[in-house]
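Colleague: I should like a close look at a single part of this model, namely one helix and its surroundings. Please describe how that part is packed and how its setting compares with other places in the chain.

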Amino acid sequence: MTTPTAATIAAPNSGYGTKGYRSFVLGALLIVYIFNFIDRTIINILTEPIKASFGLEDWQMGLLGGPAFAVLYTFLGIPIARFAERHNRVWIIAGAVFLWSLMTALCGFATSFLMLFLFRVGVSIGEAGCTPPANSLIADYYDPRNRSTAVSIYALGVPLGGMFAAIFGGFIAGNITGDNAEALFRAWGWTFAVNAVDWSQIEGWRIAFVIVGLPGLLISLIVKLTVKEPARGHSDPVALQGMAMAGFTDAFKVLLSKPTYWHITIGATIASFVGYGVGQFTTSFLIRTHGLTIQQAALLFGIILGLMAAIGVFTSGFLADKVAKRHPTALSWIPALGMLLSVPFYLFGYSADNLWVAMPPLMIAAMIHYFYLGPMYAVAGGVVDSRMRATSVAITLFVVNLLGYGLGPPVIGILSSFLKTVALSGADLGLTLDACKAVAELNADELAACSSANAKGLQWSILIFSCGYAWAALHYLLAGKTLVRDMLAKGS
């Protein structure tokens, strides 16, 4: 199989549908992705109350935040992407939204660590059907000249989803209890709901899962009824349209010949390893180190850090499209610069004792480290033609999620538990992790030692992890050496 060169590719089409309808579809896909990340990351915000409810340690919460989600999400991504290369992508996305939303709501009904783990696996199965077909749709709606901006807007779902998960999850867990819910149902006259369970035993974190999960059921219906399935390859250059469907082996052979793709994928994997690991415990860090309530910590994490991350995601794609003609390697050096500069800001922010001294550098770091995300999708979709675009994105996500998402949260959780043990041994009070769980049996000195070790172990874990962004930046820089050669035509 041969790939047309830039010299032989005609100008691309202007895009599918009207400009207004394209914007509507992109907005709908963005909302889908926002809910994707709300349902994916809500467990990060609820880490502390879930730990207390089931008597868990950081390493167990790392399993819920990482492998419980990442393993099947990763391994199902490529088969679903191959299915999306041949079948209706809108149907796939709508069905995926319905499934993961239902599983998220069911997390609120978990009665054990194992049951919560299994429901998280269910969330992952649904979410595996979102991003590959969505990126394929975006590529057919938008011509190559505007795709970096379009996929960066779609990628805003990552920070915005995390932000809304923090805002709503923290508020619900901190303010709504089973007693509140029962009183509300009584006021509405919903006797069946009042008698359904013993509401006095229902914690706020359970209600949070249900409330954030249910809207997705409606969104899945809206997507199916309003988003049209465009002709595959509609907005590609003319020479690439109407080509025969490529097999997985063909697609993989093309990607093997694109070093740009692999450097971007490796860099994104490292960034995800760091980002998912730190993100799993950022709310916990703010609670343990700075003494915030879960609602205060979630609001800071969501509104301030999430908003800055959203600005970074959009800015990277927008800048790449704007400066690409003068600087063809912008998709490489813009994210590399952002991640490299984020390291000192993160180190300063996470080590500062004063919260308000810590927040400005953390905000800057959150904005610039996310420069990598939009270019990741742009390169994954730009080095191949429409016949294999969903597969290319799925392979990227396979590597990123299996190694980044799957390993980041549990590794930082294990490191945190280990460093907590080291700190406890240094306190010379004969304390262990299990002893610290029996709060009622501890004296004042022991309680203080456990609290300090809990905070310091997590803080040092986050500081160590944050240095990984420099390694990720190196791979994005290396991608620049072959970027112009490997990307198909950007259009004139």
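Modeller: The following account begins with helix 12 and then turns to the core, to a further helix pair and to a loop residue. The model is a predicted one.

Helix 12 spans residues 204-213. Of its 10 residues, 8 are buried, so helix 12 is largely enclosed by the rest of the structure. The buried residues are Gly 204, Trp 205, Arg 206, Ile 207, Ala 208, Phe 209, Val 212 and Gly 213.

One partner of helix 12 is helix 5, residues 89-107; the two axes come within 7 Å and cross at roughly 165°. An angle over 145 degrees counts as roughly antiparallel, and helix 5 and helix 12 are therefore roughly antiparallel to each other. The crossing of helix 5 past helix 12 is left-handed. On the side of helix 5, Ser 101, Thr 104, Ala 105 and Cys 107 take part in the contact, and they meet Trp 205, Phe 209, Val 210, Val 212 and Gly 213 of helix 12. Sorted by class, this contact comprises 6 nonpolar and 3 polar residues, with no charged residues.

Phe 209 deserves separate mention. Apart from residues up to four places away in sequence, Phe 209 touches Thr 104, Ala 105 and Cys 107, among others. Its further contacts include Ile 42, Ile 43, Leu 46, Ile 50, Gly 108 and Leu 116. Phe 209 also belongs to the largest nonpolar core, which has 140 residues; Phe 209 is among those with the most contacts inside it, together with Ile 50, Leu 373, Met 376 and Tyr 377. Helix 1, residues 19-45, gives the most to this core, with 15 residues. A second core, separate from that one, has 8 residues, including Leu 424, Leu 431, Leu 433 and Cys 436.

Leu 373 and Tyr 377 lead to another helix pair. Both lie in helix 19, where they and Gly 374 and Ala 378 meet Ser 148, Val 151, Ser 152 and Ala 155 of helix 8. The contact of helix 8 with helix 19 has 5 nonpolar, 3 polar and no charged residues. The axes of these helices come within 8 Å and cross at roughly 125°; helix 8 and helix 19 are therefore oblique to each other. Helix 8 passes helix 19 in a right-handed crossing.

Ser 257 offers a loop setting, between helix 14 and helix 15. Ser 257 is partly exposed, its relative accessible area being 43%. Beyond its neighbours within four places in sequence, Ser 257 is in contact with Arg 485 and Asp 486. Although Ser 257 and Asp 486 are 229 residues apart along the chain, their C-alpha atoms are separated by 8.4 Å.

Definitions and conventions
Residues numbered from 1 in each chain as written. Predicted model: local features only at pLDDT ≥ 70, side-chain atom pairs only at ≥ 80, totals over all residues. Heavy atoms only, no water. Core = buried A, V, L, I, M, F, W, Y, C linked by side-chain atoms within 4.5 Å. Buried < 20%, exposed > 50% of the residue type's maximum accessible area, 1.4 Å probe, protein only. Helix = DSSP H or I, 4+ residues; strand = E, 2+ residues; numbered from the N terminus. Contact = heavy atoms within 4.5 Å. Axes fitted to C-alpha atoms, helices over the stretch in contact; angles between N-to-C directions. Parallel < 35°, antiparallel > 145°, perpendicular 65-115°, else oblique. Left-handed = near helix turned anticlockwise from the far one by under 90°. Nonpolar A, V, L, I, M, F, W, Y, C, P; charged D, E, K, R; others polar.
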